[in-house]
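I wanted a short record of what I looked up in this model. The entries follow the order in which I went through the chain.

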Amino acid sequence: MDGTNLCTTGVPSFSIDGQITQMPGTSFSTPWVTRMATELMYLMKEEFDPLLIRAMMIHNAKYPSNCEMNMADKISQMGFGMPVSVQDMLYNSPSEIVLILRDTLDKGSYIEMFDFPYPPSLIDENGYFSGQIIVTLVTKSLVDDKQAGEYCQSDIDVMFGTYETEVDRDITKHTVKNPKGLGEPQNILLDSCYSTRVKGIYPSKGFDRECVLVKYGKKFHPVKKYAVDLADMTPSNRTRFLRCERKWYLKIEGLFRDFIEQDAIVRNYQLSQEYCLLLTIKDPNGMSPVYDKVSQQLDSKNFLHHQIELRNIISVHDD
């Protein structure tokens, strides 16, 4: 990496001679992040859930607008970026929606949602799906510090994309549990679906600088984040996978290393992983009523769901 592209910023502080200066470091970021987490906890009238709070902060993190680095260097130097304000995390515009899936996945089980409610208002004039999608998956991984580099003993993966049709499956087979399957599915979170342009140096504004793709989608990583703009998909993949006749699906499945599987057999306990998934669908032009359209589909397709209840904050000003 060219060192001239690395931007170092800090927070106002005092130097050893009493002067005001700016210094970077985790010692400054820790209380700032803790304050935001506490504010989130207070404003949400839900049972305290550290996994949800962590997922929300990562899901809403952004890179500084004045930093023109390629994506590999951004991830190496700045991780997921900086969280936005708590108000921006909790309140969406009508042109976007954030769906939260919070659950526990047992070994041998997986979640597969057919006909996922993607907003029909995000179909362009040529009959192709459009929109920007952000997916963040945070898991409570099972760990064993005696396994060295393989200390993380469990993993959960997420796939979100389109499929052509539903197909019948042979449930007489031992490995087949679901009588229905996906015909010609395509996970649109894969890096290979998009043009090489989205991996370069991004402009200083807009969604482009947030694009993470598969860079943080590695196996046995407790946090995975993807951000894609369907407009960046290659023309051939767009023609094959984004036609409005196709349906959407979401799949979540777990994986465990052999060591912990054997340990569960010896000690006779059920392997499971807690996870929190956040999925944002938004109109890049801010025109489509995405929130209403997805909410209507959730009701009509009988998806069990509820809104996160927030506290009412009343400000009193004495004039």
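What follows are my notes on the overall make-up, one sheet, two residues, one helix, and the open and closed spaces.

**Entry 1. Overall make-up**

I note at the start that this is a predicted model. I looked up the secondary structure and found seven helices and 14 strands in the chain. I then checked burial: of the 319 residues in the chain, 42% are buried. For contacts with a separation of 6 or more, I found that 71% are between residues 24 or more positions apart.

**Entry 2. An open sheet**

I looked up the strand order of an open sheet of four strands and wrote down β6-β13-β8-β11, with antiparallel pairing. Which strands stand at the edges? They are β6 and β11, each with a single partner strand, so each has one side without a neighbour in the sheet.

I went through the pairings in turn. β6 (110-113) is joined to β13 by four bridges, and the two run antiparallel. In that pairing I found I111 opposite I252 of β13. Next I took β13 (residues 247-256) and β8, which are joined by 10 bridges and also run antiparallel. Here T162 has W248 in β13 as its bridge partner. Last came β8 and β11 (residues 186-187), an antiparallel pair with two bridges. G161 is the residue opposite N187 in β11.

I also checked how enclosed β8 is. Of the 10 residues of β8 (residues 154-163), nine are buried, so the strand is largely enclosed by the rest of the structure.

**Entry 3. E112**

I picked E112, which lies in strand β6. Is E112 buried or exposed? Its relative accessibility is 18%, and the cut-off for buried is under 20%, so E112 counts as buried. I listed its contacts without the neighbours within four places in sequence: N178, L182, L250 and K251. L250 and K251 fall within β13 (residues 247-256), the strand that β6 pairs with.

**Entry 4. Y128**

I moved on to the loop between β6 and β7 (132-140), where Y128 is found. Y128 is buried, at a relative accessible area of 17%. Which residues does Y128 contact, beyond its neighbours within four places in sequence? I found L122, I123, R238, T239, L242 and R243. I also looked up one C-alpha separation: Y128 and R240 are 112 residues apart along the chain, and their C-alpha atoms are separated by 10.0 Å.

**Entry 5. Helix α7**

I looked up the buried residues of helix α7 (residues 290-300) and found V290, V294, S295, Q297 and L298. Why do they fall on the same side of α7? They cover an arc of only 160 degrees around the axis, which puts them on the same side. The spacing rule I had in mind is that an α-helix has 3.6 residues a turn, so residues three or four places apart point the same way.

I then asked what covers these buried residues, and the cover includes β5 (96-106) and β14 (272-282). After α7 comes N302, whose phi is positive, near 60 degrees.

**Entry 6. The largest pocket**

I turned to the open spaces. The largest pocket holds about 1,100 Å³ of space. It is lined by 36 residues, and the closest to its centre are V98, L99, I100, H306 and I308. The elements that give two or more residues to this lining are α2 (50-59), α4 (86-90), β5, β14 and α7. Which element gives the largest share of the lining? It is β5, with six residues. I also noted the classes in the lining: 25 nonpolar, eight polar and three charged residues.

β5 and β14 therefore appear twice in my notes, as part of what covers the buried residues of α7 and in the lining of the largest pocket.**Entry 7. The cavity**

I looked for closed spaces and found one cavity of 30 Å³ or more. About 40 Å³ of space lies in the largest cavity. Its lining is made of M41, M44, E46, E47, F48, D49, L52 and I53. By class, I noted five nonpolar, no polar and three charged residues in the lining of the largest cavity.

Methods. Residues are numbered from 1 along each chain as its sequence is written. This is a predicted model: local features need pLDDT of at least 70, side-chain atom pairs count only at pLDDT 80 or more; totals for chains, interfaces and linings use all residues. Side-chain values use heavy atoms; hydrogens and water are left out. Buried means under 20% relative accessible area, exposed over 50%, partly exposed in between (1.4 Å probe, protein chains only). The arc is that of the directions from the helix axis to the C-beta atoms. Contact means heavy atoms within 4.5 Å. Two strands pair if DSSP finds at least two bridges between them. On a 1 Å grid over the protein atoms alone, a cavity is a set of points where a 1.4 Å probe fits but cannot get out, and a pocket is an open set with protein on both sides within 12 Å along at least five of seven lines; lining residues have an atom within 4 Å of a point. Grid points are joined across faces, edges and corners, and a volume is the space filled by probe spheres set on the points. Ala, Val, Leu, Ile, Met, Phe, Trp, Tyr, Cys and Pro count as nonpolar, Asp, Glu, Lys and Arg as charged, and the others, Gly among them, as polar.
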